[in-house]
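Let us go through the packing and the empty space of a model, one question at a time.

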Amino acid sequence: MYSYIVEQEIRKTFDHVNNHRWDEAVKAVAPHIHHRVSGHHALGGERHDKAALRRWFERLGRVLPTLHIRVNNVWVKGWPWNTTVFVEWDGTATLLDGDGSYVNRGLHVFTLRWGRVHALEEFQDSQEAARGLDAQAAAGLKEAAAQPIVS
């Protein structure tokens, strides 16, 4: 039953991201989180607090406004005091130049303690993310070429 509840909450979080509900997306995040995205691009780097993670989500919504993440699988391991959640996903977006070919797939690894997200590591095709962001920047979206948000 615990695993089912966690899975449903994680799926809701991805829905919040798809619909740009950032306050809801970070609601269960601990004040001091470790969030890491691989790659040297505007969405890469590491954040260590909830405020920086929220700014990162806001940037995600600005640089890839049509991003839609489809959750394929969710695996929940552990107990309420130490839970690991693996989420396999596919992400698609239409880029500003009209190219609908942005497709990325990845895996999120969440570490939860008593219902709070303490760590989130995102494994994805960082070259595809950089390519998509480069295309956005070339179409005039300067923030897509910005330095990563880090804390």
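**Pocket, core and cavity**

Q: In this predicted model, which element gives the largest share of the lining of the largest pocket?

A: The lining draws on several elements, since α1 (2-18), α2 (22-25), β1 (29-37), α3, β4 (82-93), β5 (102-113) and β6 (116-124) each supply at least two residues of the lining of the largest pocket. With 10 residues, the largest share comes from α1.

Q: What is the volume of the largest pocket?

A: The lining of this pocket comprises 40 residues, and Ile 10, Thr 13, Phe 14, Ala 25 and Phe 110 lie nearest its centre. By class, the lining divides into 27 nonpolar, eight polar and five charged residues. The volume of the largest pocket is about 620 Å³.

Q: Which helix gives the most residues to the largest nonpolar core?

A: The largest nonpolar core has 37 residues, and those with the most contacts inside it are Phe 14, Phe 57, Leu 60, Leu 64, Val 85, Val 87 and Phe 110. The most is given to this core by a helix that spans residues 50-63 and supplies five residues, namely α3.

Q: Which residues does Phe 110 touch, leaving aside those up to four places away in sequence?

A: Phe 110 is among the residues with the most contacts inside the largest nonpolar core, and Phe 110 is also among the residues nearest the centre of the largest pocket. With residues up to four places away in sequence not counted, Phe 110 touches Ile 10, Phe 14, Thr 83, Thr 84, Val 85, Val 87, Val 117, Ala 119 and Leu 120.

Q: How much space lies in the largest cavity?

A: A search of the whole structure finds one cavity of 30 Å³ or more. The lining of the largest cavity consists of Val 17, His 20, Trp 22, Leu 60, Gly 61, Leu 64 and Leu 67, which by class are five nonpolar, two polar and no charged residues. The space in this largest cavity is about 30 Å³.

Q: Why does Trp 22 count as buried or exposed?

A: Trp 22, which lies in helix α2, touches Val 17, Arg 54, Phe 57, Glu 58 and Gly 61, not counting residues up to four places away in sequence. The cut-off for a buried residue is under 20% relative accessible area. Because the relative accessibility of Trp 22 is 10%, Trp 22 counts as buried.

Q: How far apart in space are Trp 22 and Arg 55, C-alpha to C-alpha?

A: In sequence, Trp 22 and Arg 55 are 33 residues apart. In space, the C-alpha to C-alpha distance between Trp 22 and Arg 55 is 9.0 Å.

Notes
Residues are numbered from 1 along each chain as its sequence is written. This is a predicted model: local features need pLDDT of at least 70, side-chain atom pairs count only at pLDDT 80 or more; totals for chains, interfaces and linings use all residues. Side-chain values use heavy atoms; hydrogens and water are left out. A nonpolar core is a set of buried Ala, Val, Leu, Ile, Met, Phe, Trp, Tyr and Cys residues joined through side-chain atoms within 4.5 Å. Buried means under 20% relative accessible area, exposed over 50%, partly exposed in between (1.4 Å probe, protein chains only). Helices (H or I, at least four residues) and strands (E, at least two) are DSSP runs, numbered from the N terminus. Contact means heavy atoms within 4.5 Å. On a 1 Å grid over the protein atoms alone, a cavity is a set of points where a 1.4 Å probe fits but cannot get out, and a pocket is an open set with protein on both sides within 12 Å along at least five of seven lines; lining residues have an atom within 4 Å of a point. Grid points are joined across faces, edges and corners, and a volume is the space filled by probe spheres set on the points. Ala, Val, Leu, Ile, Met, Phe, Trp, Tyr, Cys and Pro count as nonpolar, Asp, Glu, Lys and Arg as charged, and the others, Gly among them, as polar.
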